[in-house]
Amino acid sequence: MKNNIMLRVVFVLFSAIAASYGQSPSGVVVPDSPDKGSWGGARLRGINIYGAFTPKDFQDLKAWKVDHVRYQMVRPKLVKGIDGWELEAKFKDAIDAILTLAEAVDIKVILDLHDQSPFFPGDLWKSETLANWENPENRQKLASLWKWLAGIYKDRRIVAGYEILNEPAPPRNERGYRALNEINKEVTKAIREVDGWHTIIVSGPEYSRPAKMDMLEATGDPNTVYTFHMYEPTELTHQGVTWMNAPAGVTYPGIIPLGWNEPRTPTMVDKKFLSEKMAAVATFRKKYNARIWVGEFSCRRVAPANSAYAWIKDALELFEAEGWDWCYHCFREDRYGTGNATFGIEHAWDAKKEEITPETRTETDRLRLLKSYWQNRAGK
């Protein structure tokens, strides 16, 4: 009798716990929200990283109180595995090295598949040929790769989530958007066959632009976060980038000529403009009761009159008001000694290229601003 009673108690407790979870088609238990999965309930505020780092780099991030990094897995090479497509061994080794550094200081890592070209052939961040996105083999490559990765990292608690694709760029039409939405669901299904706990991160089309969030569909998986990248307007944030045809010398806030080609349209760009550019994201969040993460945002430090600080400040205030998680782009571009710190926060906005070295890092007002958010948790 006592044994029967104990069995009933265990069954009731298990049922109560399971009631708040769903199951994937394979029977893997899936939390009913990102908060109960690897993402966690606290607001996440982090920074993007790519390449190799040292323990000192991660110790500095810990001192700043950064809670997560978005690790950009760039230029993966695929090999055919026993059950599908896998990443080559040295690519996995690079992931493991980052996870080891992060575990030492307890900073979460988001695994971001930053390069779509092995799956949808084209440029590094551009593949607008419809046949590539509708090709079943290409889609199977992506799904089987993520299933393989999820099978490896399903027990690594330092991993905060799996980001299916960085800045997907299918054709800018109904069929292109439909293909991306189908791919997001196919990859989600593949991951859920082996891993229910890790949060999946899904992005909208046209390079994750906020205005195109209305073309994105929820996947139906409850343990999913939806992301966009905020660089609006690129005429400001990417000024001086020749391939974007974005002239330098643009200040914020102010009247900025917008458009890729002449004649450009002079437009007042200020905090109100930024808010309007993100209106589709707010609508998406309300429609699906979705958790939103700004996976990248930044402004080139060389924007005149310290305009990058003003833009970042306004963007952060808008993210925080909406309750969105966010991840700044990016950390220590200067570490390779190339004089590059396009979006760096440890060099003055007017520093010359030859002055950009690890030895000349300093605490800029942009870094102090970000640290004020990283360090002021207050239970939020």
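Contact here means heavy atoms within 4.5 Å. By that rule, and leaving aside residues up to four places away in sequence, Arg-332 touches Asp-57, Asp-60, Trp-64, Glu-346 and Arg-361. Before going further, a word on the ground rules. This is a predicted model, where local features need pLDDT of at least 70, side-chain atom pairs count only at pLDDT 80 or more, and totals for chains, interfaces and linings use all residues. Residues are numbered from 1 along each chain as its sequence is written, and side-chain values use heavy atoms, with hydrogens and water left out.

**The barrel**

Let's start with the strands. Helices (H or I, at least four residues) and strands (E, at least two) are DSSP runs, numbered from the N terminus, and two strands pair if DSSP finds at least two bridges between them. On those terms, 8 strands form a closed barrel in the order 3-4-7-8-9-10-13-14, with parallel pairing. From one strand to the next, the twist averages 25 degrees; axes for that are lines fitted to C-alpha atoms (for helices, over the stretch in contact), and angles run from 0 to 180 degrees between N-to-C directions.

Strand 3 (residues 45-49) is a good place to look in. Buried means under 20% relative accessible area, exposed over 50%, and partly exposed in between, using a 1.4 Å probe and protein chains only. For strand 3, 5 of the 5 residues are buried, so the strand is largely enclosed by the rest of the structure. On one side, strand 3 pairs with strand 14 in the parallel sense over 3 bridges, and Arg-45 stands opposite Trp-326 of strand 14. Strand 3 also runs parallel to strand 4 (residues 68-73), joined by 3 bridges, with Asn-48 standing opposite Arg-70 in strand 4. Elsewhere in the barrel, strand 9 (residues 199-203) and strand 10 (residues 224-230) pair in the parallel sense over 4 bridges. There, Val-202 has Tyr-226 of strand 10 as its bridge partner.

**Around Arg-332**

Back to the arginine we opened with. Arg-332 sits in the loop between strand 14 (325-328) and helix 12 (365-375). Despite being in a loop, Arg-332 is buried, at a relative accessible area of 7%. One of its neighbours is also a polar partner: the side chains of Arg-332 and Asp-60 are joined by a polar contact of 2.9 Å. A polar contact is a pair of N or O atoms within 3.5 Å; within protein, one must be able to donate a hydrogen and the other to accept it, and residues adjacent in sequence count only if both atoms are side-chain atoms.

Two cysteines are worth a glance too. Cys-327 is buried, with a relative accessible area of 0%, and Cys-330 is buried at 1%. Why don't Cys-327 and Cys-330 form a bond? The sulfur of Cys-327 is 9.9 Å from that of Cys-330, its closest cysteine sulfur, which is too far for a bond. A disulfide is a pair of cysteine sulfur atoms within 2.5 Å, and the structure holds 0 of them.

**Helices**

Helix 3 (residues 89-105) has 17 residues and reaches 25 Å from first C-alpha to last, close to the 24 Å expected at 1.5 Å a residue; the expected span is 1.5 Å times one less than the number of residues. Its buried residues include Phe-91, Ile-95, Ile-98, Leu-99 and Ala-102, along with Asp-96. An α-helix has 3.6 residues a turn, so residues three or four places apart point the same way. In helix 11 (residues 307-322) we find Ala-315, which counts as buried at 1% relative accessibility. Ala-315 and Tyr-231 are 84 residues apart in sequence, yet 9.6 Å apart in space, C-alpha to C-alpha.

**Backbone oddities**

Most residues other than glycine have a negative phi, and most peptide bonds are trans. Here are some exceptions.

| Site | Feature | Value |
|---|---|---|
| Tyr-252 to Pro-253 | cis peptide bond | omega about -10 degrees |
| Glu-262 to Pro-263 | cis peptide bond | omega near -5 degrees |
| Glu-167 | positive phi | about 40 degrees |
| Asn-245 | positive phi | near 55 degrees |
| Asp-106 | positive phi | about 60 degrees |

Asp-106 comes just after helix 3. Pro-253 lies in the loop between helix 8 (234-237) and strand 11 (254-258), and Asn-245 is placed in the loop between helix 8 and strand 11. Pro-263 is found in the loop between strand 11 and strand 12 (265-269). Glu-167 belongs to the loop between strand 8 (159-163) and helix 6 (174-192). Buried or partly exposed: which is Glu-167? Glu-167 is buried, with a relative accessible area of 13%, whereas Asn-245 is partly exposed at 34%.
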